[in-house]
Amino acid sequence: VQLQASGGGLVQAGGSLRLSCVVSGSISRIDDMGWYRQLPGKQCDLVADITSAGSVNYVDSVKGRFTISRDNAKSTVYLQMNSLKPEDTAVYYCNAEVVATRTWKLQDYWGRGTQVTVSS
């Protein structure tokens with residue numbers, strides 16, 4: 001199982017970016033999917049997550065600005081980030097709870113981070 005994230009980059013404050021993360025491999029089922037971020041010098045924290053049924057959860061600092069969504073047919077999770085602020089600058093990681101056919105166990109998988117930089 002692999003998670004491939006894309007969509008990071010450099011944007012001015014107030015701008016927008018859309019992150020995507022595709023889950024690939026021999027997969028039986030994907031449960032929760034989410035985005036985490038690691039700010040410089042800080043631990044990695046949850047930004048938003050979404051269940052397979054579409055229920056969403058956001059950290060307070062991004063509510064009203066970020067939207068998480070998923071396309072189950074494409075095994076993809078998205079993070080639309082609007083009204084970006086310099087404090088959103090971080091490495092963003094996608095996460096998925098996956099039952100792989102190799103193990104038949106629900107396990108956490110992580111993508112490689114994608115850098116988001118918001119200039120003031």
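**Exercise 1. Find the strand that holds D31 in this predicted model, and decide whether D31 is buried or exposed.**

Step 1. Look along the chain: D31 belongs to strand β4, which covers residues 27-38.

Step 2. Now take the accessibility. D31 has a relative accessibility of 17%. The cut-off for buried is under 20%, so D31 counts as buried.

Step 3. Next, look for a partner of the side chain. The side chains of D31 and R29 are joined by a polar contact of 2.8 Å.

Step 4. Finally, leave out the neighbours within four places in sequence. D31 then touches I50, T51, S52, R70, E97 and L106.

**Exercise 2. Work out which strands pair with β9, and how many of the residues of β9 are buried.**

Step 1. Start with β4, the strand of D31. Nine bridges link β4 and β9, and the two run antiparallel. You can check one position by eye: M33 lies opposite A96 in β9.

Step 2. Go on to β10, residues 106-110. This strand is antiparallel to β9 too, with five bridges. Here N95 faces W110 in β10.

Step 3. Look at how the chain gets from β9 to β10. The two strands make a hairpin, and five residues lie between them. In the turn, W104 has a positive phi of about 55°.

Step 4. Add β11, residues 114-119, which pairs with β9 in the antiparallel sense over three bridges. T114 in β11 is the bridge partner of Y92.

Step 5. Now for the covering of β9: eight of its eleven residues are buried, and the strand is mostly covered.

A reminder on pairing: strands of a sheet pair through backbone hydrogen bonds, either parallel or antiparallel.

**Exercise 3. Put the strands of the open four-stranded sheet in order, and say which ones are at its edges.**

Step 1. Follow the pairing across the sheet. The order is β1-β3-β8-β7, and the pairing is antiparallel.

Step 2. Pick out the strands that pair on one side only: these are β1 (2-6) and β7, the edge strands.

Step 3. Compare the directions of neighbouring strands. On average they are turned by 15° against each other, with direction ignored.

Step 4. Zoom in on one pair. β3, residues 17-24, meets β8 in the antiparallel sense over six bridges. One of the matched positions is L17, whose bridge partner in β8 is M81.

Step 5. Have a look at R18 as well. Its charged end sits over the ring of Y78, at 4.1 Å from the ring centre.

**Exercise 4. Explain what is unusual about phi at S75 and S83, and find where each serine lies.**

Step 1. Recall the general rule: most residues other than glycine have a negative phi.

Step 2. Check S75. Its phi is near 50°, a positive value although the residue is not glycine. S83 also has a positive phi, of about 50°.

Step 3. Locate them. S75 sits in the loop between β7 (66-71) and β8 (76-81). S83 is in the loop that leads from β8 to β9 (90-100).

Step 4. Set their accessibility side by side. S75 is buried, because its relative accessible area of 19% falls under the 20% cut-off. S83 has a relative accessible area of 41% and is partly exposed.

Conventions. Residues are numbered from 1 along each chain as its sequence is written. This is a predicted model: local features need pLDDT of at least 70, side-chain atom pairs count only at pLDDT 80 or more; totals for chains, interfaces and linings use all residues. Side-chain values use heavy atoms; hydrogens and water are left out. Buried means under 20% relative accessible area, exposed over 50%, partly exposed in between (1.4 Å probe, protein chains only). A polar contact is a pair of N or O atoms within 3.5 Å; within protein, one must be able to donate a hydrogen and the other to accept it, and residues adjacent in sequence count only if both atoms are side-chain atoms. Contact means heavy atoms within 4.5 Å. Two strands pair if DSSP finds at least two bridges between them. Axes are lines fitted to C-alpha atoms, for helices over the stretch in contact, and angles run from 0 to 180 degrees between N-to-C directions. A charge sits over a ring if NZ of Lys or CZ of Arg is within 6 Å of the ring centre and within 35 degrees of the ring normal.
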